[in-house]
Amino acid sequence: GRTGRKVAIAPQQAIDLGGFCFGQKRSVSIGDDFSGLILQVSPVNGIVIDKEVAQGARVMPGMNIYRIAPVDRVWVLASVYELDLPFVKIGQRALISIPNLPGRNYSGEISYIAPFLDEKGQAEIRLEVANISLDLKPEMYAEVSVAAEAGKPRLAVPRKAIINTGARQVAYVASADGSYIPREVSTGLVGDDDMVEILYGL
């Protein structure tokens, strides 16, 4: 989700805005016998994701009281393998599905691609997604599909035809005499039809 915006309120600000919205300043005279409440209206819409004070607690200047995050638009974070990065661009659209929300699909736009890879050889990408219905919650698991143009025709085989030994990938090729010859191959893109691109070896 998006990073929450910290709202810091000093006591004088609370007095100036007591009981009124921003832009409606009025002076408030507080005597020794004052026991009323001073209402502070948040300058942003959203939900409270962190509360750092309790009722009756003393508030000091510059102290963070609440952290409020707008959730009408959220970030979806996904990982892309190094081999697929050339086909992922800023501004590209992606389809997002949530396993816990079957039958509902969401569309997002890639707004960030990390300039480095993690220890798994993947780069993080960030998608901005409209969340008008507020169905998307922080820390939900999502599946992301990015439609990429593969360009020129490419040699591909069914995924189940590739044997991954851990050290290498192998495909068996039928010879004229009916026997099968193992060939070490290097794979590339994976299509929606479960076909795997062969970069070399066949």
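This is a short talk on how the strands, cores and loops of one predicted model fit together.

Hi everyone, thanks for coming. Please keep in mind throughout that we are looking at a predicted model.

Let me begin with the overall layout. The chain has 202 residues, and 22% of them are buried. In secondary structure we have one helix and 13 strands. Reading from the N terminus, the order is β-α-β-β-β-β-β-β-β-β-β-β-β-β, so please picture a strand, then the helix, then strands from there on. What about contacts across the sequence? Taking contacts between residues at least 6 apart, 50% of them join residues at least 24 apart.

Now to the largest nonpolar core. It holds 15 residues, and the members that touch the most others are I96, I98, Y106, I125, L127, V129 and L136. Which strands feed it? At least two residues come from each of β4 (73-81), β5 (93-97), β6 and β7 (122-130). The largest share belongs to β4, with four residues. There is also another core, set apart from this one, with five residues that include V157, I162, V185 and I198.

Let's stay with β4 for a moment, since its side chains alternate nicely. On one face you have V74, V76, A78 and V80, and these are buried. R73, W75, L77, S79 and Y81 point to the other face and are not buried. The pairing here is with β7: the two strands run antiparallel and share nine bridges. If you want a place to look in the viewer, find V80, which stands opposite A123 in β7.

On the other face of β4, W75 has company. The charged end of R126 sits over the W75 ring, 4.0 Å from the ring centre. Aromatic pairs are another matter: their count is zero.

R126 also leads us to S111. This serine is in strand β6, residues 105-113, and beyond its sequence neighbours S111 touches I90, R126 and E128. Is S111 buried, exposed or in between? With a relative accessible area of 28%, S111 is partly exposed, because that class runs between 20% and 50%. From S111 to W75 is 36 residues in sequence, and the C-alpha to C-alpha distance is 9.3 Å.

Back to the core, and to Y106. Which residues does Y106 contact, once neighbours within four places are set aside? The list is A94, L95, I96, I98, L101, V129, D135 and L136. Note L136 there, as it comes back in a moment.

That brings me to the loop between β7 and β8 (143-146), where N131 lies. N131 counts as buried because its relative accessibility is 1%, against a cut-off of under 20%. The side chain of N131 reaches the backbone nitrogen of L136 at 3.0 Å. Leaving aside close sequence neighbours, N131 is in contact with V71, D72, R73, V74 and L136.

L134 is in this loop too, between β7 and β8. What is notable about its backbone? L134 is not a glycine, yet it has a positive phi of about 60°. As background, most residues other than glycine have a negative phi. L134 is partly exposed, at 42% relative accessibility.

Last stop: the sheet further along the chain. It is an open sheet of five strands, ordered β9-β13-β12-β11-β10, with antiparallel pairing. Which strands stand at the edges? They are β9 (156-158) and β10 (163-164), and each has a single partner strand, so one side of each has no neighbour in the sheet. Inside the sheet, β11 (residues 169-174) and β12 (residues 180-190) pair in the antiparallel sense over six bridges. As an example of a partnership, Y172 has P182 in β12 as its bridge partner.

S186 lies in β12 as well. S186 is buried, with a relative accessible area of 18%, and it earns that label because the cut-off is under 20%. Not counting residues up to four places away, S186 touches Q169, E197, I198, L199 and Y200. For S186 and E197, the separation is eleven residues in sequence and 8.5 Å between C-alpha atoms. I198, in that contact list, is also one of the five residues of the other core.

That's my tour. Thanks for listening, and I'm happy to go back to any part.

Conventions: Residues numbered from 1 in each chain as written. Predicted model: local features only at pLDDT ≥ 70, side-chain atom pairs only at ≥ 80, totals over all residues. Heavy atoms only, no water. Buried < 20%, exposed > 50% of the residue type's maximum accessible area, 1.4 Å probe, protein only. Contact = heavy atoms within 4.5 Å. Phe/Tyr/Trp six-rings, centres within 6.5 Å; stacked < 30°, edge-to-face > 60°. Lys NZ or Arg CZ within 6 Å of the ring centre and 35° of its normal. Core = buried A, V, L, I, M, F, W, Y, C linked by side-chain atoms within 4.5 Å. Pairing = 2+ DSSP bridges. Polar contact = N/O pair within 3.5 Å; in protein donor to acceptor, adjacent residues only side chain to side chain.
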